[in-house]
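Visitor: I'm new to this one and would love a slow look at a single part. Could you walk me through it?

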Amino acid sequence: MELLRVTNLVKKYGSTNAVNGLSFHIDEGRCVSLLGANGAGKTTTLKMLSGLLEPTSGSISFQGTKQKDIRQYIGYLPQYPSFFNWMSGKEFLVFTAELAKLNRKEAEERSEELLERVGLLDAKKRKIGGYSGGMKQRLGLAQALIHRPKLLILDEPVSALDPLGRREVLDMMREIKQETTVIFSTHVLHDAQEISDDIIIINEGDIAISGELENVIEQYRQPIIQIEFD
Ligand code: ATP
């Protein structure tokens with residue numbers, strides 16, 4: 001079933017065309033990677049999908065209809081998430097859950113459930129400031145999942161991590177994608193290959209190639225090898 005459809009999406013910043021008429025759709029249960037070089041328009045696209053940025057033109061429909069506010073359905077982890085380093089992981093999640101209008105008891109329960117899911121139960125009382133990069137990103141994943149979104153949007157979730165953190169977060173994403181539809185951006189083909197079902201390659205705000213990962217890789221083997229962005 002189709003979850004989200006984007007039609008002729010355009011975003012201009014003054015005279016810069018950051019996104020230049022993108023059209024694609026995301027089916028429920030898929031893990032989609034958005035692959036492109038720096039400045040290709042990935043962050044701008046994901047911000048529009050998450051309802052944080054108004055498109056200059058074009059439309060986004062969710063479950064077949066144009067929603068007034070799609071943010072309730074979306075979990076979003078920005079490229080540079082900010083945490084309150086003086087809080088413990090658990091305090092931060094409870095705080096996030098209460099912002100998402102869960103009552104105290106639900107917030108506690110949901111936080112514990114997610115801490116376990118992202119492998120941070122043992123570290124839940126430690127201050128976030130002492131977490132590794134991978135732990136912070138896993139906490140960010142838990143935060144994005146707090147209100148049980150139908151679509152999880154992750155902007156470059158592993159780009160800033162060392163190899164261990166990258167491994168931790170990719171493994172976590174592999175588990176999460178069993179239950180939630182995911183779109184994530186990356187500039188590294190290998191990350192896209194590792195966990196996505198579908199791939200959208202964007203270049204200068206426009207789609208270069210898209211489709212099922214295996215088909216795209218097979219069909220465009222030579223050109224893709226040339227589009228190695230790291
Ligand atoms: P990166 O991997 O570097 O984050 P990206 O693929 O996410 O790149 P965007 O951040 O969406 O790309 O940027 C797309 C284009 O829009 C770039 O040319 C960028 O300089 C421009 N841009 C992005 N945000 C703004 C802004 N707030 N004002 C002006 N131009 C912007």
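Visitor: Let's look closely at helix H5: which exposed residues sit on the face turned away from its buried side?

Guide: Pro 163 and Leu 164 are the exposed residues on that face of H5. Before going on, a word on what you're looking at. This is a predicted model, where local features need pLDDT of at least 70 and side-chain atom pairs count only at pLDDT 80 or more, while totals for chains, interfaces and linings use all residues. Residues are numbered from 1 along each chain as its sequence is written, and side-chain values use heavy atoms, leaving out hydrogens and water.

Helices are DSSP runs of H or I with at least four residues, strands are runs of E with at least two, and both are numbered from the N terminus. H5 covers residues 163-176, and its 14 residues should span 20 Å at 1.5 Å a residue; the end C-alpha atoms are 20 Å apart, which agrees. (That expected span is 1.5 Å times one less than the number of residues.)

Now for the other side of H5. Its buried residues are Gly 165, Val 169, Leu 170, Met 172, Met 173 and Ile 176. Looking down the axis, they fall within an arc of 160°, so they line one face of the helix. The arc is taken from the directions between the helix axis and the C-beta atoms. Here "buried" means under 20% relative accessible area, "exposed" means over 50%, and "partly exposed" is in between, with a 1.4 Å probe and protein chains only.

What do those buried residues pack against? Their partners are helices H3 (104-117), H4 (133-145) and H6 (189-195), plus strands S6 (151-154) and S7 (181-186). Contact here means heavy atoms within 4.5 Å.

H5 and H6 are also joined by salt bridges, each a side-chain nitrogen of Lys or Arg within 4 Å of a carboxyl oxygen of Asp or Glu. Asp 191 pairs with Arg 166, their closest N and O atoms being 2.5 Å apart. Asp 191 is in H6 and Arg 166 in H5, so this pair ties together parts 25 residues apart in sequence. Asp 191 counts as buried, at 3% relative accessibility.

Arg 167 and Glu 194 form another salt bridge, 2.4 Å from N to O. Arg 167 is in H5 and Glu 194 in H6, 27 residues apart. Arg 167 is partly exposed, with a relative accessible area of 30%, and Glu 194 is also partly exposed, at 23%.
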